[in-house]
Amino acid sequence: MTAAPAAPAQTSARSPNAKHPNPGLALAVPTELVETIAQRAAELLAERQAEVESTPWLRVEEAADHLRCKPKRVYDLCSQRRIPFVKDGSRTLLRRSDLDAYLEASA
């Protein structure tokens, strides 16, 4: 019985730091399709922004996004009575205009 020949070592033309597993793979996408996708994405974002701005009330997470801080900071500001809030059951709601007024006063 003879031993099977060893499989040849595989070499990779890809550098070890490459991030793409198939650098030679490419997909041609028509410019019109890219523009259509971009336009639809912009429409969806505009609709979402309109929905967000349609209500003056924000949940703590949304208020934190508006203030560019963590939700804990919003809870701290509420407990210190530095920003007005309303409790609806277990939910804490804040007015967007009150948050803007707080930012203006602290600027």
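## A tour from helix α3 outwards

Start by selecting α3 in this predicted model: its buried residues pack against α2, β3 (91–95) and α4. Which residues of α3 are the buried ones? They are Val74, Leu77 and Cys78. Now look straight down the helix axis: the buried residues of α3 fall within an arc of 100°, so they line one face of the helix. This fits a general pattern of helices: an α-helix has 3.6 residues a turn, so residues three or four places apart point the same way.

Next, turn to the other side of α3 and select Lys72 and Ser79, which are exposed. Then move on to arginine 81, which follows α3 and has a positive phi, near 60°.

Now for the core. Select Leu58, Val60, Ala63, Ala64, Leu67, Val74, Leu77, Cys78, Ile83, Leu94, Leu99 and Tyr102 together: these 12 residues make up the largest nonpolar core. At least two of them come from each of α2 (60–67), α3 (71–79) and α4 (96–106). Which helix supplies the largest share of this core? It is α2, with four residues. As a general rule, nonpolar side chains in soluble globular proteins tend to be buried together.

Stay with one core member, leucine 94, and display its surroundings. Leaving aside neighbours within four places in sequence, leucine 94 is in contact with Pro56, Trp57, Leu58, Arg59, Val60, Ala63, Val74, Cys78, Ile83, Pro84, Phe85 and Leu99.

Tryptophan 57, one of those contacts, is a good next stop. You will find tryptophan 57 in strand β1 (residues 57–59). Is tryptophan 57 buried or exposed? The label is partly exposed, because its relative accessibility is 29% and that label covers values between 20% and 50%. Not counting residues up to four places away in sequence, tryptophan 57 touches Glu62, Val86, Leu93, Leu94 and Arg95. Try drawing a distance line from the C-alpha atom of tryptophan 57 to that of aspartate 98: the two are separated by 9.8 Å, although these residues are 41 apart along the chain.

Finish on the surface. Select Leu27, Val29, Leu33, Val34 and Ile37, which form a nonpolar patch there, with about 480 Å² of accessible area together. Pick out valine 29 in this patch: the residue lies in the segment before α1 (31–54). At 40% relative accessibility, valine 29 counts as partly exposed.

Definitions and conventions: Residues are numbered from 1 along each chain as its sequence is written. This is a predicted model: local features need pLDDT of at least 70, side-chain atom pairs count only at pLDDT 80 or more; totals for chains, interfaces and linings use all residues. Side-chain values use heavy atoms; hydrogens and water are left out. Patches are made of residues with over 30% relative accessible area and no salt bridge: like charges are joined within 9 Å, nonpolar side chains (Val, Leu, Ile, Met, Phe, Trp, Tyr) within 5 Å. Accessible areas come from the Shrake-Rupley method with a 1.4 Å probe; for residues, only the protein chains shown count as cover. A salt bridge is a side-chain nitrogen of Lys or Arg within 4 Å of a carboxyl oxygen of Asp or Glu. Helices (H or I, at least four residues) and strands (E, at least two) are DSSP runs, numbered from the N terminus. Buried means under 20% relative accessible area, exposed over 50%, partly exposed in between (1.4 Å probe, protein chains only). A nonpolar core is a set of buried Ala, Val, Leu, Ile, Met, Phe, Trp, Tyr and Cys residues joined through side-chain atoms within 4.5 Å. Contact means heavy atoms within 4.5 Å. The arc is that of the directions from the helix axis to the C-beta atoms.
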